[in-house]
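Okay, thanks for having me, everyone. I'll put the structure up and then walk you through it.

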Amino acid sequence: MREPFQLHAGICYLAQWQAERPQLRAGFTTRNGGVSKPPFASFNLGLHVSDQYDHVITNRKMLADKLGMPLDDWVAGEQVHSTHVEIVRTNDKGKGSRHHDTALKGTDGLVVKQSGILCTAFFADCVPLYFFDPQTGCLGLAHAGWKGTVGEIARKMVEKMKEAGATISNIRVAIGPCIAKEAYEVDDQVMKHIKREYAEQASEAKENGRYLLDLKRLNMEILLNQGVLRHNIAITNYCTFRDASLFFSHRRDGGKTGRMLAFIGYLP
């Protein structure tokens, strides 16, 4: 499977999408190139993980300069592992960019059509989902942990994209880095929330009575069920747990770690 994200100067970009729309910025950060100290070393972008505030803001400003999108143009959801999706508008600019408590409340998915707004999501094993309709220019970004995934935030994103004017046959999706199936063991308390037809495709039973869960595959199956075309879904090969030199991992690092930032938006 061809890797849809290309690493350049510590940031991975959706190169094909950006080539089609030169004003588009879409991708994610790695853990490298910032000023944060262990256990958040070094490019932690999360304000909610007990890192020093000024270190996080310095890291965010460094990224803002690289992308050409100032912090005042960033928007973040509160990320409460919900399936709530908001259509972002101009008056939302700056929400969550400098303080976590100003983020869009109860929100894990963002959809936008206007330029000059950068949708952001923070992750360290959860799945960032990117959406793009090249016909209407509609964009989307979701934070999908296991709760958001089994709650079908991918479906909610497709519905909100359509509400914003996108056509299902045109919607492209990129499934970003998360903890891979081989490293993600879960129990019945997780599995009971997954529809049987999805569980058969996206999980594997172990001899110890637990399961290996493939969050990337599960999100893909949900997207396909919504009518997104398979050739319009790109899936990264990266794993946050395995690729320790590139990524923070909540599970690998015992819960005390930083966050990468996923982003999508048009330059002003």
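So, what radius of gyration would a compact globule with 268 residues have, and what does the chain have? For a compact globule of that length you'd look for something near 18 Å, and the chain comes in at 17 Å, so the two agree. Keep in mind that this is a predicted model.

If you'd rather think in box terms, the C-alpha trace spans about 50 × 45 × 35 Å along its principal axes. Inside that, we've got seven helices and 15 strands.

Now for how the chain packs. Of the 268 residues, 56% count as buried. And if you take the contacts with a separation of 6 or more, 68% of them come from residues 24 or more positions apart.

On the outside, the accessible surface is about 11100 Å², and carbon and sulfur atoms hold 47% of it. As for charges, there are 34 positive and 29 negative ones, and their mean positions sit 3 Å apart.

Last topic: cysteines. How many disulfides does the count come to? Zero. Take cysteine 138: it's in no disulfide, and the nearest cysteine sulfur, the one in cysteine 119, is 9.5 Å away. Cysteine 138 counts as buried, because its relative accessibility is 0%.

Then there's cysteine 178. Why no bond there? Its sulfur is 7.2 Å from the closest cysteine sulfur, which belongs to cysteine 239, and that's too far for a bond. Cysteine 178 is also at 0% relative accessibility, so that one counts as buried.

Key: Residues numbered from 1 in each chain as written. Predicted model: local features only at pLDDT ≥ 70, side-chain atom pairs only at ≥ 80, totals over all residues. Heavy atoms only, no water. Helix = DSSP H or I, 4+ residues; strand = E, 2+ residues; numbered from the N terminus. Rg over C-alpha atoms; globule rule 2.2 N^0.38 Å. Buried < 20%, exposed > 50% of the residue type's maximum accessible area, 1.4 Å probe, protein only. Contact = heavy atoms within 4.5 Å. Areas by Shrake-Rupley, 256 points an atom, 1.4 Å probe, with all protein chains shown as cover. Lys, Arg positive; Asp, Glu negative; His and termini not counted. Charge placed at Lys NZ, Arg CZ, Asp CG, Glu CD. Disulfide = S-S within 2.5 Å.
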